[in-house]
Amino acid sequence: MATTMLPSQIASDGPSRRKRSRSRSPGEPDGIPPATRRRSQSPSRVQIDLPRVNDVDPIRRAERERQLAANIAAMTLEKASNPRVQDSAQDEAERKAEFAKLIGSRSGGVYMPPARLRALQAAAANDKTSPEYQRLSWDALRKSLTGIVNRVNIANIKQIVPELFSENLIRGRGLFSRSIMKAQSSSLPFTPVFAAVVAVINTKLPQVGELVLTRLVSQFRRSFKRNDKIVCHSTTTFIAHLVNQAVAHEIIALQILVLLLERPTDDSIEIAVGFMREVGAFLAENSPKANATVFERFRAVLNEGSISHRVQYMIEVLMQTRKDKYKDNPILPEGLDLVEEEEQITHQIQLEEELQVQEGLNVFKLDPNYLENEEKYKSIKAEILGEGSEDEESGSEESSSEDEDEVVADKEGIEDRTETNLVNLRRTIYLTIMNALNYEEAVHKLLKVQIKEGDEIELINMVIECCSQERSYSTFYGLVGERFSKLNRVWTDALEQAFVNYYTTIHRYETNRLRNISRFFGHMIATDAISWIVLECVKINEEDTTSSSRIFIKIMMQEMMESMGLKALAERFKDEQVKHATKDMFPMDNPKNTRFSINYFTSIGLGVLTEEMREYLKNAPRLIMEQRRAMLEQESSSSSSDSDSSDSDSDSESDSDSDTSPSDSESSVDSRRRRRTPSPPRRGRDDSRSLPRRSVRGDSPRPPARRDGRNNSRTPPPPPRRGARDDSRTPPPPPRRGARDDSRSPPPRRGGRYSSRTPSPSPPPRQRDGRGYTRRDSPRHRRDDRSPPPRKRDMDGRDRGGRDGGYERRRKDDYRERERNDRSPGGDRRRRMSNEREREHGGRR
């Protein structure tokens, strides 16, 4: 029977039979022809994945798939036309989620790739006041400070410090403190470097240095209570180097040592030994007594033997280190002395006081005034680093000069009259002096006090005031002043100025303060701390001294004598410069002032200084007479020059005078002859009892003598008697017996003494009082003076009288006779009778 064959079978039977076509996959869409090897593949067409809809009805399923595909195509076209809007909402949501995650974490969150972080910063930079931006800047500041601190060393410290100042250290001072404390605890050999960094920052931003020191002290207290030896050791090492850099006061170091040595254990002694090795050189220089006390305590602990041998050996090594003067542990290592002594700011923090650690500075907090604070720090940074100076100098010179003039004028207009700075300076000086253990320490600390130029006198005044307040004088202040004077000429000038000021105002001080001040200056002058030229302001006389100034000079000179010795003091006053400066102390211009000065220095036990003044006082009358003689010679020479110019006038006047008064010329010639006549040899009493010889000279007739019995030296003596010479050397007559004659009448004369007189009608009558001779007798007497006869004596042994000596002798004899009568019995009656006789004769006693 005939069978029919299928096409497939026919193809398979023949040699050109085709392979079986592969089966279609379940997800493959319909209508796509299967791929064959022989036929090349057509170019791929853009295909859209249409959503599959599950539906029992195939016709409804196809319609729903078609509609869904149309909607998807419309959405795709819309996204292609506006690509930014498509991701805005999604990206915003993602950023907010990441910021929330970043802010919520205290430590800054997990690691974020740099690209993603920069994208977040760029997104947050649109609003710099937002919390997101501030948080990002806070994290950047933390990482920057940590990185700078971790790479600092001695070689690059000068480059690292400007980088630190470029960061906002005021905002991140808590981060800086935490970073540097963590770095120091991790690497103890770099502790001097970290301390130097803190010291440099402390000069410009003291609040940063104070915060670091406060946290170190707090950390030491916590670790000491927890018996954490490692933390205690690292903390004390950091504090020791801060003390060396003058960031912390040495009192905190001494308090730590006292705490560690109070109850010694192996750990506490080990920490104390390490701490003392680092800070010992500083304490030995600035607080030697405290340093000695600490080592005495170490020696006592060593002798007690309550600690292990290992720790005892550590103490012995420390003792040897002290003997070697800490040659391996200097105060400031080489290359780390970066801060000037005048710029150092020292913080005095006590170990047991309440501390403000300010832990909140380590955590981010939103700053509402973020932009303002950032601008303020930029100005501070520019001032510290000197930025922006070139921009300011780029302006015109004229405008800059005008601005400078205005600024100077504004500054000159502001004047602080409250003297707040002066009061604070005096308080600092006073506390420094009171806290010093010896004068060397006081001088060293006072030199560190910042004093403006021209205010050096304030320091000297405070030293003197502190000296005056003591109950008794202390050589401590004298040694302080001496050391200052030998350091610089500025202090010497200030001390000399203070001497002048205190001497002029010494009357304002009470006795005890005056005594201390005078002894202080006595020490200064005796040790040549100030020049002796300052004594030129001292004037020893009654007008220019007061009781206070005399006491001041007395105590000062006695202090100088005790220091130098009397002989050395006298030799020093004989120096030419000192003698010239002290010419008012030892005046030799006025005898009155000279006597006052001699009496003053003799009364205070320094009479040896008055020898020249005493010599001057002996020769003072002769010097005065020489001065007067020189003045008279000068006047006579000037008058003679005037007389030579007028010779013709004087000749005419002399001729007229000789014509009108011949008696005057005769008497003048006679008087000149009388002066040339040699006097006979004198005998009897000394010439001191006779009147001056100038009474003999007389160029014109004298008026009659006054009938007054009193001797008035201002009135001229009576005219001479005839034939009498001035011989006052005869002794007084012996007392006469019985009733005396009238002393006013001369005794009777013997012989013919007057027989050779020129003829005259009768001798002139003698006056009753023996003193009255007429003026016409004197020329006759002078003619006989050329050859004086031998002197005759009366029966009672007295001279018969002369021109001057007889009158004076009789007056003295009458005076002696009256005294004898007054002393003898019946003297009153004789005196009464003599008075009656004198009244009868008209005489006056």
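This is a short walk through the cores, the largest pocket and a few helices of one model.

Hi everyone, thanks for having me. Please keep in mind that this is a predicted model.

Let's begin with the packing. The largest nonpolar core holds 78 residues, and F176, M276 and F298 have the most contacts inside it. Helix α12, residues 266-286, gives this core its largest share, 10 residues. Take M276 as a way in. Leaving aside residues up to four places away in sequence, M276 touches L257, L283, N291, V294, F295, F298, L318 and Y326. A separate core of 63 residues lies apart from this one, with L495, F521, A529 and M556 among its members.

Now for the empty space. Rolling a probe the size of a water molecule over the atoms shows where such space is left. The largest pocket encloses about 1,400 Å³. Its lining has 39 residues, and T428, T432, K448, V449 and Q450 are the closest to the pocket's centre. Which helix supplies the largest share of that lining? That would be α18, with nine residues. Helices α11 (250-262), α12, α18 (420-435) and α19 (439-448) each put in at least two. By class, the lining is made of 13 nonpolar, 14 polar and 12 charged residues.

While we are on α18, have a look at N435, which sits in that helix. Is N435 buried or exposed? Its relative accessibility is 54%, and since the cut-off for exposed is over 50%, N435 counts as exposed. Its C-alpha lies 9.9 Å from that of K445, 10 residues apart along the chain.

Two more helices before I stop. The first is α10, residues 229-244. Its 16 residues should span 22 Å at 1.5 Å a residue, and the end C-alpha atoms are 23 Å apart, so the two agree. Of those 16 residues, 13 are buried, so α10 is largely enclosed by the rest of the structure. After α10 comes A246, with a positive phi near 65°.

The second is α24, residues 547-564. This helix has 18 residues and reaches 26 Å from first C-alpha to last, close to the expected 26 Å. Its buried residues are S548, S549, F552, I553, I555, M556, M557, E559 and M560. M556, you'll recall, was among the residues of the 63-residue core. The cover over the buried residues of α24 includes α22 (489-504), α23 (511-526), α25 (566-573) and α27 (591-603). G565 follows α24, and its phi is positive too, near 95°.

That's my tour, and I'm happy to take questions.

Key: Residues are numbered from 1 along each chain as its sequence is written. This is a predicted model: local features need pLDDT of at least 70, side-chain atom pairs count only at pLDDT 80 or more; totals for chains, interfaces and linings use all residues. Side-chain values use heavy atoms; hydrogens and water are left out. A nonpolar core is a set of buried Ala, Val, Leu, Ile, Met, Phe, Trp, Tyr and Cys residues joined through side-chain atoms within 4.5 Å. Buried means under 20% relative accessible area, exposed over 50%, partly exposed in between (1.4 Å probe, protein chains only). Helices (H or I, at least four residues) and strands (E, at least two) are DSSP runs, numbered from the N terminus. Contact means heavy atoms within 4.5 Å. On a 1 Å grid over the protein atoms alone, a cavity is a set of points where a 1.4 Å probe fits but cannot get out, and a pocket is an open set with protein on both sides within 12 Å along at least five of seven lines; lining residues have an atom within 4 Å of a point. Grid points are joined across faces, edges and corners, and a volume is the space filled by probe spheres set on the points. Ala, Val, Leu, Ile, Met, Phe, Trp, Tyr, Cys and Pro count as nonpolar, Asp, Glu, Lys and Arg as charged, and the others, Gly among them, as polar. The expected span of a helix is 1.5 Å times one less than its number of residues.
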